[in-house]
Structures are given as structure tokens and as C-alpha cells.
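User: I am in my first year and would like to understand how the words used for a structure follow from its values. Could you take me through the one below?

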Amino acid sequence: MSDTPTENPPMKAARYADGSITYPPHPIGPDGKEPVETVDLSEYTATVVTWTTSTATPPGVREPNSLAIVEFDVDGEPVRAIGQLESQDTDVDIGDDVEPVYAAELRDPDAGIREKESQAWDGYRFRPVE
Amino acid sequence: MERVAIIGASMTQFGQRDAWIRELLAEAGQACLDDAGVAPDAIDHLYVSNMASGEFEGQTGVPNALAHDLAAMPAYTARIDQTSSSGGAGTYAAWQSVASGASEMTLLVGGEKMTHRTTAESTDVIASLTHPVEYKHGVTLPSFAGLTARLYLHEYDAPRESLGKVAVKNHKNGVDNPHAQFRKEVDLDTVLDSPVVADPLRLYDFCPITDGSAALLFCPESVAREYTDEYAVVSGIGGATDTHVVHERADPTTMGGVVNSSEIAYEMADLGPEDIDVAELHDMFTILEFLQSEDLGFFEKGEGWKAVEDGVTDRDGELPINTSGGLKSKGHPLGASGVAQVYEIYKQLTRDAGDRQVDADVGLACNVGGFGNCVTTTILEAER
């Protein structure tokens with residue numbers, strides 16, 4: 001099992017001319033202008049803002065599904081993301097440090113209402129920093 | 001600009017219905033015309049608030065279907081989809097059509113048919129409004145509620161029980177609403193012991209899946225007087241959006257769309273939160289009642305839970321919230337809910353709310369789509 005960042009797709013965020021960063025990237029940023037560069041969040045750790053364990057999950061989603069909103073500190077600039085926790089039994093709390101870990105398929109792309117080809121299904125889960 | 005009046009209102013029985021979307025819409029539409037004593041051929045504009053009849057039922061083109069079923073041709077018609085806030089957005093469209101002078105009689109009908117789908121399927125239809133980075137993780141609207149509730153309780157030192165008390169209050173109110181899906185009181189222990197749906201929230205923190213429809217009839221105030229002496233005026237209305245990606249909001253416990261839409265509505269009505277006598281808030285999840293009651297300016301940020309604890313928002317309290325039973329007990333047929341909120345305020349202001357009646361001259365409805373993604377705030381004033 002290999003999950004070193006260099007072998008996996010980046011967790012792409014966008015940086016804008018005013019220094020702000022968003023995940024995901026948007027065509028136009030909070031400053032009203034196009035992004036100036038991409039930031040790979042998988043190289044950073046984050047802090048848990050809040051979490052939940054969802055037990056009423058839609059078709060193709062693991063049950064229970066533990067989720068967290070986390071905040072990365074990218075060289076002093078905060079940027080938030082949402083994602084599954086690697087462990088289905090919640091093992092984090094507000095304020096804990098987590099790191100992104102790559103998953104090739106976060107939910108079954110064939111089971112839900114969203115068209116499979118319209119979006120990516122891989123991404124990053126979070127796990128406590130050892 | 002002439003003021004816009006509401007002269008008729010209706011809602012169908014909410015709950016698990018045998019009727020499909022066309023029948024539900026026609027039922028409320030016809031009842032609303034009957035309520036006001038207005039003939040179908042008087043309708044200039046006909047709006048249908050509906051999120052997903054195509055996805056739920058495979059029936060699209062519902063505005064035209066309704067125009068035909070009500071014999072309202074050749075009325076201009078359109079479907080208004082703004083997810084859970086389709087009813088609020090429809091109220092805005094209906095108000096705009098009359099305020100602009102484009103229509104002298106506008107019928108708005110909101111409805112949704114959902115219960116033939118499994119809970120998992122319905123949850124997925126609703127969750128399909130999310131951004132791909134949310135959807136791929138299996139993020140649902142209930143999970144946003146769990147995430148936000150945990151943070152709210154943590155930030156403001158609110159007890160878990162206070163959320164449960166929202167459910168207890170709204171279920172109690174729903175007992176007196178003949179159209180509500182649930183007309184049964186629940187006690188706090190039942191709420192707190194119910195199965196976990198999105199920790200820390202449990203089954204009774206969530207509204208049910210519902211079929212139903214509601215309707216309102218709008219016209220210029222000068223026309224209103226031809227039909228009735230007692231009506232309500234849309235004195236303020238505002239719509240606003242917040243981020244599509246929910247985690248990008250600076251403060252997850254503040255709904256920017258509620259703040260911004262209500263500021264517009266208050267300014268138009270020349271009123272403030274202290275002037276509101278009764279309010280219908282979008283309690284799709286118990287936590288939303290706290291967030292809206294704060295972001296509408298009724299209570300300080302982080303203090304909304306205390307108002308529920310103190311009984312301020314009870315039917316006999318200083319500011320009754322969700323006298324209808326709210327989405328919580330009344331049910332939440334997506335496109336109908338925003339219309340049914342205004343229905344309740346209209347009934348309160350025209351003193352036709354039966355056992356739910358409170359003393360009110362000014363009422364507010366706040367309809368929320370997504371997790372605060374789109375919001376319409378509407379203020380009505382009684383004219384007697």
C-alpha cells in the first residue's frame with residue numbers, strides 16, 4: 001500500500017493574487033480575479049474544525065460515513081476542506097491535527113444520481129497525525 | 001410602485017399521499033382560487049415552485065401541465081427551482097410579477113412528490129445540489145447539519161437538550177395543524193434517545209420526507225380590495241445566496257444568505273427584527289432554527305438556543321416561531337415548503353389560523369435552500 005503524495009494526484013486548491021486560497025479552485029476567486037497558481041494541499045496537515053458521523057447515507061456511500069471540515073495552514077494562509085475520515089469510527093475531535101490520505105474511490109460512482117463521467121470520485125480522506 | 005397583496009392561500013394535506021405531482025399541484029391551485037373567489041381565466045402569471053419532479057417522478061413541464069389542469073391558459077408560466085428554497089424564490093417571482101406591473105393576478109403553487117422513493121434515494125436527489133468535492137465524499141444535507149450542530153454546541157456552550165427542545169416545541173405546534181404530516185407531541189427523552197442520523201443529531205432533529213403542495217394568490221392592492229377587506233401585503237422581500245461549497249464560509253454557524261436577504265426585506269418594509277410578531281423558519285434540521293433566529297436579528301449570535309429554553313419562541317411566547325409546526329412536524333415537500341411558510345403567516349395575519357392563532361400584525365417567513373446556499377426572507381403585514 002502506497003500513499004506517498006508524489007505518487008498520487010494532488011489535492012488541488014487555487015491561490016489568488018490577493019494571497020487567498022480556496023479548495024476547490026474556482027474560475028474567479030474571492031478577489032474577483034482568476035487564480036494565479038495551484039497549491040497541493042496533500043502536502044500539508046490540517047486541524048479539525050468540526051466532524052460528524054452520518055448513518056443515513058445515500059446509495060453507494062459507506063455507512064456509517066464519518067466526515068470532517070478541516071482547516072489547513074498553508075504558510076500562514078488558512079484554507080478549509082471537507083472530506084471523509086479514514087476511520088469509520090470517529091477517532092478525532094475538534095482541534096485535532098489530521099493529514100490527508102489518498103483514496104482511489106470515495107463512493108461507488110455507479111450507485112448515485114450524479115452522472116459518473118461528470119466528476120472525479122477519488123480524493124483525500126483525513127486521519128489523525130501520528 | 002403599488003403594493004403587492006396576497007388575497008388567497010391554500011395547502012394540501014402534507015404527508016404520504018397517493019397523488020402524484022400534477023394532482024398535488026392542481027389540488028392546491030384550485031383550492032387557492034376557491035379561497036379567494038378568483039376565476040382561473042383571471043390569472044396572468046402562474047409560477048410553480050418545484051425542485052425535482054423530473055428526478056423524483058419523471059414528470060417535467062409541470063407549469064404547463066398545471067396551467068392546463070386549472071384552465072388558466074394562456075397565462076404566462078414558469079417553474080422556479082431553487083432547491084429547498086424554491087417556494088421562497090417562487091414567492092419572490094410572484095411578488096416581482098405584480099410589483100413590476102407585468103401581472104395583475106399571479107398564482108403561485110409549490111409542490112413536491114417524494115415518498116415513493118426510499119429515504120436513501122430522496123437523500124441522494126437532494127444531495128445532488130452539492131459541489132463535486134462534497135458529493136464524492138457522500139456529503140448530504142443532514143451531514144452538514146451534524147457538522148454545524150457540533151460546532152454550534154462547542155462554540156456557544158449550548159446544551160444538546162436545547163436542540164431537542166426545538167423538536168418538542170414544533171411537534172407540539174403541529175398538533176393543531178390539520179394539514180401537518182405529524183400531529184403528535186414528542187417528549188425530550190424521545191428526541192434525545194432516537195437513532196443517530198448525523199452525530200450529534202438524531203432522527204427527531206430532522207424533518208420527514210413528504211408529499212404536498214401549497215398555493216398563494218398575488219395581485220396589486222387596488223385589485224385586492226375588489227375581492228376582500230382582509231388581506232396581507234408583501235411589505236418586504238429579499239433573496240440572497242451564499243457559497244455553493246459550504247466549508248468555504250468564514251463562520252459555519254452564520255448563514256450569510258439569511259443575513260443578507262433579511263437586510264433587504266427589513267429595509268424594504270422599513271421594519272426591524274423587533275417589529276416581527278410571528279415567524280416561520282426553515283427548521284429542516286433543529287439547528288437551523290437557532291441559526292436563522294440569530295441571523296435574522298431576533299437574538300444575538302450564540303443566544304438563539306436560550307430563547308427556546310426560555311419559551312420565548314413558544315406559541316404563547318414573546319416571538320412565536322413555527323406556529324405551523326414547522327418543517328419538523330408539518331413535513332417538507334421541497335418546493336411546497338416556502339409557500340406553506342407564507343401560507344401560515346397569511347393565515348395568522350388574516351386571523352384564520354384556528355387553534356394556532358396568535359396576536360400578530362407583522363409576520364416573517366425565511367425559506368432556506370441547500371444548507372443556507374439560497375435564501376428568501378419575506379415580510380407580510382396585515383391589512384384589515
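User: What share of the 130 residues in chain A is buried, and what makes a residue count as buried?

Analyst: In chain A, buried residues make up 38% of the 130 residues. A residue is called buried if 20 or more other C-beta atoms lie within 10 Å of its own, exposed if 12 or fewer do, and partly exposed in between, with C-beta atoms placed from the backbone. This is a predicted model, in which local features need pLDDT of at least 70 and side-chain atom pairs count only at pLDDT 80 or more, while totals for chains, interfaces and linings use all residues. Residues are numbered from 1 along each chain as its sequence is written, and chains are lettered from A and ligands numbered from 1 in the order in which they are written.

User: How many helices and strands does chain A have, and why is it called as compact as a globular protein of that length?

Analyst: Chain A comes to 0 helices and 8 strands, where helices (H or I, at least four residues) and strands (E, at least two) are DSSP runs numbered from the N terminus. Its radius of gyration, taken over C-alpha atoms, is 15 Å, close to the 14 Å from the globule rule (2.2 Å times the number of residues to the power 0.38) for 130 residues, so chain A is as compact as a globular protein of that length.

User: Which strands of the open sheet in chain A are called edge strands, and why?

Analyst: Two strands pair if DSSP finds at least two bridges between them. The open sheet has 3 strands in the order 2-1-3, with antiparallel pairing. Strand 2 (21–22) and strand 3 (35–40) of chain A each pair on one side only, so they are the edge strands. Strand 1 (residues 12–16) is joined to strand 3 by 5 bridges, and Ala13(A) stands opposite Val39(A).

User: How do you know that strand 2 of chain B is largely enclosed?

Analyst: Strand 2 (residues 45–49) of chain B has 5 of its 5 residues buried, so it is largely enclosed by the rest of the structure. Both faces are covered, by the same criterion: His45(B), Tyr47(B) and Ser49(B) are buried on one side, and Leu46(B) and Val48(B) on the other. This strand pairs in the parallel sense with strand 3 (residues 76–80) of chain B over 5 bridges, and 5 bridges also join it to strand 4 (residues 106–112), again parallel. Leu46(B) has Thr77(B) as its bridge partner in strand 3 and Leu107(B) in strand 4.
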